[in-house]
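This briefing covers surface, core and charge pairs in turn. Please read it alongside the sequence and the coordinates.

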Amino acid sequence: MVTDEVLRTHLQELRRGTIVVASLVALRRPDYGYALLQRLAAHGFAVDANTLYPLLRRLEEQGLLTSEWNTEESRPRKFYRTSDDGETVLGRLLDDLTAVQTSVTQLIEGVGR
């Protein structure tokens, strides 16, 4: 019998890469970290803040996101946005995601090559 722990581990692995894709898509519209957490959760991507914030920093260091501080509100917030390089990478990731989805569907349906 498959335990909840085994299932949770595999689901976590499956979703790990999709969080990058989802974040790059969502940040086509500038947003700050907490709002992004909420938006991702609303679309079925349950992400912990301890996972998302390091991811945002890494994507920014890689040049896939840009950021700027909004200091006009009572509490300064760092807003992130998908960069031009991020759009390029996102396009490739979406193409690959589509190819993987097609391949899995073909396996499920028994389509031979």
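A nonpolar patch on the surface is formed by Val2, Val6, Leu7, Leu11 and Leu14, and together these residues have about 450 Å² of accessible area. The model is a predicted one. The points below start from that patch, then move to the helices, the core and the salt bridges.

**Surface patch and helix H1**

- Leu11, one of the patch residues, is found in helix H1.
- Leu11 has 31% relative accessibility and therefore counts as partly exposed, since that class lies between 20% and 50%.
- Helix H1 spans residues 4-26 and bends by about 30° at Thr18.
- The buried residues of H1 are Ile19, Val20, Val21, Ala22, Ser23, Leu24 and Ala26.
- These buried residues pack against three helices, namely H2 (33-42), H3 (49-61) and H4 (84-109), and against strands S2 (65-70) and S3 (77-82).

**Ser23 in helix H1**

- Ser23 is also found in helix H1.
- Is Ser23 buried or exposed? With a relative accessible area of 0%, Ser23 is buried, because the cut-off for that class is under 20%.
- Which residues does Ser23 contact, once neighbours within four places in sequence are left aside? They are Leu36, Leu40, Leu52, Leu55 and Thr82.

**Nonpolar core**

- The largest nonpolar core has 19 residues, and those touching the most other members are Leu24, Leu36, Leu40, Leu52, Leu56, Leu59 and Leu65.
- Two or more residues of this core come from each of H1, H2 and H3.
- H1 supplies the largest share of this core, with six residues.
- In soluble globular proteins, nonpolar side chains tend to be buried together.
- Leu36, among the core members with the most contacts inside the core, touches Ser23, Ala26, Leu27, Asp31, Leu52 and Leu56 when residues up to four places away in sequence are not counted.

**Helix H2 and the residue after it**

- In H2, the buried residues are Gly33, Ala35, Leu36, Leu37, Arg39 and Leu40.
- The cover over these buried residues includes H1, strand S1 (31-32), H3 and S3.
- Gly44, located just after H2, takes a positive phi of about 90°.

**Asp85 in helix H4**

- Asp85 lies in helix H4.
- Apart from neighbours within four places in sequence, Asp85 is in contact with Gly63 and Leu64.
- Asp85 and Thr66 are 19 residues apart along the chain, and their C-alpha atoms are separated by 9.9 Å.

**Salt bridges**

- How many salt bridges does the structure hold? There are six.
- Arg8 forms a salt bridge with Glu5, and the closest N and O atoms are 2.1 Å apart.
- Both Arg8 and Glu5 lie in helix H1, three residues apart, which is about one turn of the helix.
- Glu5 has a relative accessible area of 44% and is therefore partly exposed.
- A salt bridge also joins the side chains of Arg28 and Glu87, at 3.0 Å from N to O.
- Arg28 is in the loop between H1 and S1, while Glu87 is in helix H4, so this pair ties together parts that are 59 residues apart in sequence.
- Arg28 counts as partly exposed at 39% relative accessibility, and Glu87 counts as partly exposed at 30%.
- The side chains of Lys78 and Glu60 meet in a salt bridge of 3.2 Å, N to O.
- Because Lys78 lies in strand S3 and Glu60 in helix H3, this pair ties together parts that are 18 residues apart in sequence.
- Lys78 is partly exposed at 22% relative accessibility, and Glu60 is partly exposed at 24%.
- Arg29, Asp31 and Arg39 are joined into one network by salt bridges that share partners.
- Within this network, Arg39 is one of the buried residues of H2, and Asp31 is among the residues that Leu36 touches.

Notes
Residues numbered from 1 in each chain as written. Predicted model: local features only at pLDDT ≥ 70, side-chain atom pairs only at ≥ 80, totals over all residues. Heavy atoms only, no water. Bend = angle between axes of the 7 residues up to and from the residue. Helix = DSSP H or I, 4+ residues; strand = E, 2+ residues; numbered from the N terminus. Buried < 20%, exposed > 50% of the residue type's maximum accessible area, 1.4 Å probe, protein only. Contact = heavy atoms within 4.5 Å. Core = buried A, V, L, I, M, F, W, Y, C linked by side-chain atoms within 4.5 Å. Patch = residues over 30% accessible without salt bridge, like charges linked within 9 Å, V, L, I, M, F, W, Y side chains within 5 Å. Areas by Shrake-Rupley, 256 points an atom, 1.4 Å probe, with all protein chains shown as cover. Salt bridge = Lys/Arg side-chain N within 4 Å of Asp/Glu carboxyl O.
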